[in-house]
Amino acid sequence: MTAIEPGRVVAVVGTGTMGQGIAQVALVAGHPVRLYDAVPGRAEQAATTLAGRLDRLVEKGRLDAVTRDAARARLHPARDLAELADAALVVEAVLEELAVKRELFAALEDIVADDCLLATNTSSLSVTAVAGALRHPGRFLGLHFFNPAPLLPLVEVVSGFATDETAAERAHATALAWGKTPVRCADTPGFIVNRVARPFYAEALRVYEERAAEPATIDAVLRECGGFRMGPFELTDLIGQDVNEAVTRSVWESFFQDPKFTPSLAQRRLVESGRLGRKAGRGWYAYGEDATPQAAAHTAGPEKAPASVVVRGELFAADALPGLIEEAGIGVTREEDAVPGYPGWIELSDGTRLFLADGSAADDAGMPVIHFDLALDYREATRIALAPAAHVAEAALKEAVGLFQALGKDVSVIGDIPGMIVTRTVAMLVDFALDAAARRVAAPEDIDLAMRLGVNYPRGPLDWGDRLGARWALDTLEALHEEYPTGRYAPSQALRRLAAAQEDDAS
């Protein structure tokens, strides 16, 4: 299926940040663009703003003056919907209110030609529901751009219940021709990114609500140990707490209040207090010239490393650690007396055991145990989180801190919370992605691509799951489910089946 030809008109309805961004993408791709807004004068203001953006692109050397001038000549504000009659594509970016969108598209259907594609940029409403009142819903679909639209490459091409395959293919080809990376997906709550990404925010909020760590520490661990570009608290401040909370609530309600998607009371209180993030000058953190300095992540003071440790059994996802410990000049004695197939541990001089976090609490072991968190790459990680059981001796905890400091890591000691921070987050992301793939929300490769491009994850969650193994994710979630028997952590059938299949292949 061919893309919409560059010479044909693209109309954008709604001239806020997203509408202007989408219009800029279409303009630079060579389309005449018509801007419409229901508020008088807004379209003209948006056109002026867009012209200024094009000027800045020229100043930065990202656009030449001839191309800029041609793009500005193709940009036209519209004062009436009737001026969109010759559009080949109309993209809507108005209020996230179903009634408003349905009324708009019903009016457009009487104006545009039969071959005009109609698209909504909604991030949280059902594409099928928006199209429900149309006489010809086959040409209607979702084109979900990510903010800022001119910079972020991902576009989710969402097929509603009645969307024609030819319409989806044409929209996909058009987004590709615009230099974007489109992914096809079904009309499910949250589509790909906003569905699969929920645990990234939710698990951090749960750790905070249980007072195991403060936002700055949680953010630092997920960045510097987990490899994520931004922590969830700083990211939601950037997105807007009201926006992020509204998407969470919409997805939760759309899934009939499934406990896996339960919103956070802590975030609700933040929104109610008006602390909406950067745009309000205060969210989880304070912003602006007069803001008080942000609290730093908890980082343990320097401690002496042990002269030697014992590594018993296999460390699986943490199997790089013994080599790193040896490289740091610490003696390593390897013993194989752990149960084969079960996680081993690092043993300190007093017998305290360091286990990779597994979804249980350290206290559950009934012996002196310290959990350490999952890292994207233990060599490259610059921070490690430790969670000691209540009866771990202070000297043993200091020795564990010194051990990881000798490897060049900052160390954050957090409360003994099941699954710690990175472990529980990654296990949930893997499970959500597997469930989405099994339900054919999107192709597995598109799910991973969407998560890497849409929210800058260091790995696609399905790839991450392949590296860690389905059994690791299943065991982690089953342990969390035992700790919190609410259904939130109940492993999906897709994860259970994959773990069983992998075990059959290995036998």
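Two strands pair if DSSP finds at least two bridges between them. The model used here is predicted.

**Exercise 1. Place strand S7 among its partners.**
Which strands does S7 join, and in what direction do they run?

Solution.
Step 1. Take S6, residues 140-145: five bridges join S6 to S7, and the two run antiparallel. One contact point is Leu143, whose bridge partner in S7 is Val157.
Step 2. Take S8, residues 181-186: six bridges join S7 to S8, and these run parallel. Here Val158 has Cys185 of S8 as its bridge partner.

**Exercise 2. Decide whether the faces of S7 are buried or exposed.**

Solution.
Step 1. In a regular strand, side chains alternate between the two faces of the sheet.
Step 2. Sort the residues: Leu154, Glu156 and Val158 lie on one side, Val155, Val157 and Ser159 on the other.
Step 3. Both sides are buried. That makes six of six residues in S7, residues 154-159.

**Exercise 3. Classify Cys116 and Cys185, then count disulfides.**

Solution.
Step 1. The cut-off for buried is under 20% relative accessible area.
Step 2. Cys116 has 0% relative accessibility, so Cys116 is buried. Cys185 has 5%, so Cys185 is buried too.
Step 3. A disulfide needs two cysteine sulfur atoms within 2.5 Å. The count is zero.

**Exercise 4. Describe how H15 and H17 meet.**

Solution.
Step 1. The axes of H15 (residues 422-438) and H17 (residues 461-468) come within 8 Å and cross at roughly 115°.
Step 2. The crossing is left-handed.
Step 3. H15 contributes Val426, Leu429, Val430, Ala433 and Leu434; H17 contributes Pro461, Leu462, Trp464, Gly465 and Leu468.
Step 4. By type, the contact residues are nine nonpolar, one polar and no charged.

Note on methods: Residues numbered from 1 in each chain as written. Predicted model: local features only at pLDDT ≥ 70, side-chain atom pairs only at ≥ 80, totals over all residues. Heavy atoms only, no water. Axes fitted to C-alpha atoms, helices over the stretch in contact; angles between N-to-C directions. Helix = DSSP H or I, 4+ residues; strand = E, 2+ residues; numbered from the N terminus. Left-handed = near helix turned anticlockwise from the far one by under 90°. Contact = heavy atoms within 4.5 Å. Nonpolar A, V, L, I, M, F, W, Y, C, P; charged D, E, K, R; others polar. Buried < 20%, exposed > 50% of the residue type's maximum accessible area, 1.4 Å probe, protein only.
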